[in-house]
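Subject: Structure for your review

Dear colleague,

Please find below the structure that I am handing over to you. My findings follow it, and I should be grateful if you would read them with the coordinates open.

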Amino acid sequence: MNALHMARNAYSAPTQAQTRPPRATEYAAFARITARLKAADADGRKNYPALAAAIHENRKLWTMLAADVADGDNGLPTQLRARIFYLFEFTTHHSREVLNGKADVGPLVEINTAVMRGLGKSEAEA
């Protein structure tokens, strides 16, 4: 399927898109990527391309979060923003270690799962 075909399909579909609250969207992104990390971890080192792709997706997510919390207009409390940025730094470093075979995926899954729990609580309180 080429890009032109995908664009036609995207724009020809009825525009009945459901809007989700931002936290639900963040939760869904974390859930999808965490599932990919777990699946790649279950395959072990024998499916390195899947592991590298899952790590890349996770890094992209954390890079977006870091950019968001680094923005001065971000409404989160300063302390929380600092913690999220620290998790970005840890995730970046640990991801490199995983790809080099010096660490396992477990801590990345744990961090993402903890964030998902926090997002779930925040959504329930809203």
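The quantity pLDDT is the predictor's confidence in each residue, on a scale from 0 to 100. It applies here because the model is predicted. Averaged over the chain, pLDDT is 87, and 82% of the residues score at least 70. Among the elements of the chain, helix 4 has the highest mean, 97, while helix 1 (residues 3–12) has the lowest, 53. Where pLDDT is low, the predicted coordinates should not be read in detail.

Salt bridges

How many salt bridges does a search of the whole structure find? The search returns two. In one of them, the side chains of R32 and E57 meet with N and O 3.6 Å apart. R32 belongs to helix 2 (residues 22–43) and E57 to helix 3 (residues 48–70), so this salt bridge ties together parts that are 25 residues apart in sequence. The two partners differ in their surroundings: E57 is buried, with a relative accessible area of 18%, whereas R32 is partly exposed at 45%. E57 is buried because its value falls under the 20% cut-off.

E57 also forms a salt bridge with K60, where the closest N and O atoms are 3.7 Å apart. E57 and K60 are three residues apart in helix 3, which places about one helical turn between them. K60 is partly exposed, its relative accessible area being 42%. Through shared partners, the salt bridges join R32, E57 and K60 into one network.

Aromatic pairs

The structure contains two aromatic pairs. F30 and W62 form one that is edge-to-face, with 5.6 Å from centre to centre and 75 degrees between the planes. This pair links distant parts of the chain, since F30 sits in helix 2 and W62 in helix 3, 32 residues apart. Both F30 and W62 are buried.

F85 and F88 have ring centres 5.3 Å apart and planes at 55 degrees, so their pair is tilted. The angle does not exceed the 60 degrees needed for edge-to-face, nor is it under the 30 degrees needed for stacked. F85 and F88 both lie in helix 4 (residues 78–99), three residues apart, or about one turn of the helix. Are these residues buried or exposed, or do they fall in between? F88 is buried, at 17% relative accessible area, and F85 is partly exposed, at 30%.

The largest pocket

The largest pocket has a volume of about 420 Å³. It is lined by 18 residues, of which E26, L76, L80, I84 and L119 are the closest to its centre. Helix 2, helix 3, helix 4 and helix 5 (106–125) are the elements that each give two or more residues to this lining. By class, the lining residues of the largest pocket comprise eleven nonpolar, three polar and four charged.

Helix 2 and helix 3 thus recur in this account: they hold the partners of the R32 and E57 salt bridge, those of the F30 and W62 pair, and part of the lining of the largest pocket.

With kind regards

Conventions
Residues numbered from 1 in each chain as written. Predicted model: local features only at pLDDT ≥ 70, side-chain atom pairs only at ≥ 80, totals over all residues. Heavy atoms only, no water. Salt bridge = Lys/Arg side-chain N within 4 Å of Asp/Glu carboxyl O. Helix = DSSP H or I, 4+ residues; strand = E, 2+ residues; numbered from the N terminus. Buried < 20%, exposed > 50% of the residue type's maximum accessible area, 1.4 Å probe, protein only. Phe/Tyr/Trp six-rings, centres within 6.5 Å; stacked < 30°, edge-to-face > 60°. 1 Å grid on protein atoms, 1.4 Å probe; cavity = no way out; pocket = protein on both sides within 12 Å on 5 of 7 lines; lining within 4 Å. Points joined across faces, edges and corners; volume = space filled by probe spheres on them. Nonpolar A, V, L, I, M, F, W, Y, C, P; charged D, E, K, R; others polar.
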